[in-house]
Amino acid sequence: MPLSRRNLLATATLAAVPAASPEPDPLSAPAASSHHRESFHTGFERLAADGYRLLHGRRVGIVTNPTGITRDARHIVDVMHEDGRVELTAVFGPEHGFRGTAQAGGSEGRYDDPETGLPVYDTYLKSGRPLADIFTASGVDTVVFDIQDVGARFYTYIWTLYDCMEAARLAGKRFVVLDRPNPVTGREARGPVLHKEFATFVGRQPIAQAHGMTVAELARLFDKEFLGASVPLETVLMTGWRRTDFYDASGLPWVPPSPNMPTPDTALVYSGTCMFEGTNLSEGRGTTRPFELLGAEGIDGRWAAAANELGLPGVRFREAYFAPTFSKFEGTTAGGVQVHVTDRAAFDPVRTGIALLVTARKVWDGFAWRPDDWIDKLTGSDRVRTMIDAGADTDEVVGAWQQELAAFRRIRKEYLLYT
């Protein structure tokens, strides 16, 4: 299948392309070499320290959720609303809502925020012209995006970013991205690349399953590679962040971006173990350790033993039993594994997730994929499912996507803004 710069599919090679040359701006300077907490500043912190100069004279709407906070845990909407230097006139809420009151697959709808009186518009599952019409109806001329991502293709907030960028272009709005850390580092991209025929809201465009980018980097990639026509895009970058930094290097408090992402530890495993959403096993929803606890009724210690025998780097597996309070196996005791990351620098979440799928299928005869083949949407093609069903081992499955991953890495490299 041919690979173009707008269609990174499986079996292609990629010609070298010139690096992007963004217009220089003091708020878009590369991160400083020091990565001490004292030198780290988010895009919002830099915007505010600059007196909101980038937003002067603009009617501003912001796409955000509970993760849009300052280091003293105040929400940036509350901070901006109280500051006379910026005219904040609307808020746009994604999945789970602006204030975070909705569970997975839900949103808060249209309402006026009790804290600020600002109108809150619902963006969840809206894209294209309908979303552009919402931006137009809100009366804003600049849309700002500030949401904490977790580094996985199937985490929907990056596709909220994509959809809002496209809608801003259609509505003739300026778009500003305030950058935040990739909590699992930005060292490298890992995992399969989405095939366009499997595109959904858990993957709109061909990027790797663990993309290894920040939202500002993704915004620039989306703009140049996928959106067809350029968006009036500006980015406010972080200072003091390095690609090898995990979230705790930032000194920021962790706010769950969604109800089942309670800690940075969850984010660390998520790009691999979220694949269990595509099976009949529990991915740990309804427990205190979602995506770290995996299992089903009838699984015993043989799974942990089989996974440990593989000697995967940076991780061990413990036989575990749990009773989810909601979702799969609600109120029933499930057996399975708890994933314990022992060396997060060596840990490969996607390879680990594949190994767990392969071993689960071998040790438990009840293993099944979700009937809607959701695993194909999560992994970006039917290859993982069909190869595992055919008896492929971990190395064979992981090896099958290496060519397309190498192609994505070459394109990704053009848009990296930090060292």
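Here is a friendly conversation about salt bridges, helix crossings and two backbone angles in a predicted model.

Student: Before we start, what kind of model is this, and how are its residues numbered?
Tutor: Local features need pLDDT of at least 70 and side-chain atom pairs count only at pLDDT 80 or more, while totals for chains, interfaces and linings use all residues, since this is a predicted model. Side-chain values use heavy atoms, without hydrogens and water, and residues are numbered along each chain as its sequence is written, from 1.

Student: How many salt bridges does the structure hold?
Tutor: Side chains of opposite charge can pair when their charged atoms come close. A salt bridge is counted when a side-chain nitrogen of Lys or Arg lies within 4 Å of a carboxyl oxygen of Asp or Glu. For this structure the total is 29.

Student: Is E82, the partner of R74, buried or exposed?
Tutor: R74 and E82 form a salt bridge, with their closest N and O atoms 2.8 Å apart. Accessibility is sorted by relative accessible area: buried is under 20%, exposed is over 50%, and partly exposed is in between (1.4 Å probe, protein chains only). R74, at 34%, is partly exposed. E82 has 57%, so the word for E82 is exposed.

Student: Which parts does the salt bridge between K328 and E283 tie together, and how many residues apart are they in sequence?
Tutor: The closest N and O atoms of K328 and E283 are 3.1 Å apart. Helices (H or I, at least four residues) and strands (E, at least two) are DSSP runs, numbered from the N terminus. K328 sits in the loop between β11 (315-322) and β12 (334-341), and E283 in the loop between α6 (264-273) and β10 (293-296), so the pair links parts whose separation in sequence is 45 residues.

Student: Which residues are joined into one network by salt bridges that share partners?
Tutor: One of the salt bridges is between R190 and E188, with the closest N and O atoms 2.9 Å apart. R190 is buried at 14%, whereas E188 is partly exposed at 34%. The network consists of E188, R190, D348 and R409.

Student: How are α3 and α4 oriented to each other?
Tutor: The axes of α3 (residues 128-138) and α4 (residues 157-171) come within 8 Å and cross at roughly 65°. Axes are lines fitted to C-alpha atoms, for helices over the stretch in contact, and angles run from 0 to 180 degrees between N-to-C directions. Angles under 35 degrees count as roughly parallel, over 145 as roughly antiparallel, 65 to 115 as roughly perpendicular and the rest as oblique. The two helices are therefore roughly perpendicular.

Student: And what word describes how α7 and α8 lie to each other?
Tutor: α7 (residues 302-309) and α8 (residues 349-363) have axes that come within 9 Å. Their crossing angle is roughly 135°, so the word is oblique.

Student: Which residues of α8 make the contact with α7?
Tutor: Contact here means heavy atoms within 4.5 Å. From α7, the contact uses R302, W303, A306 and A307. The residues from α8 are L356, T359, A360 and V363.

Student: What is the phi of T185, and where is T185 found?
Tutor: Most residues other than glycine have a negative phi. T185 is not a glycine, yet its phi is positive, at about 80°. T185 is buried, with 5% relative accessibility. Its place is the loop between β6 (174-178) and β7 (190-193).

Student: What is the phi of F329?
Tutor: F329 lies in the loop between β11 and β12 and is partly exposed at 23%. Although F329 is not a glycine, its phi is positive, at about 60°.
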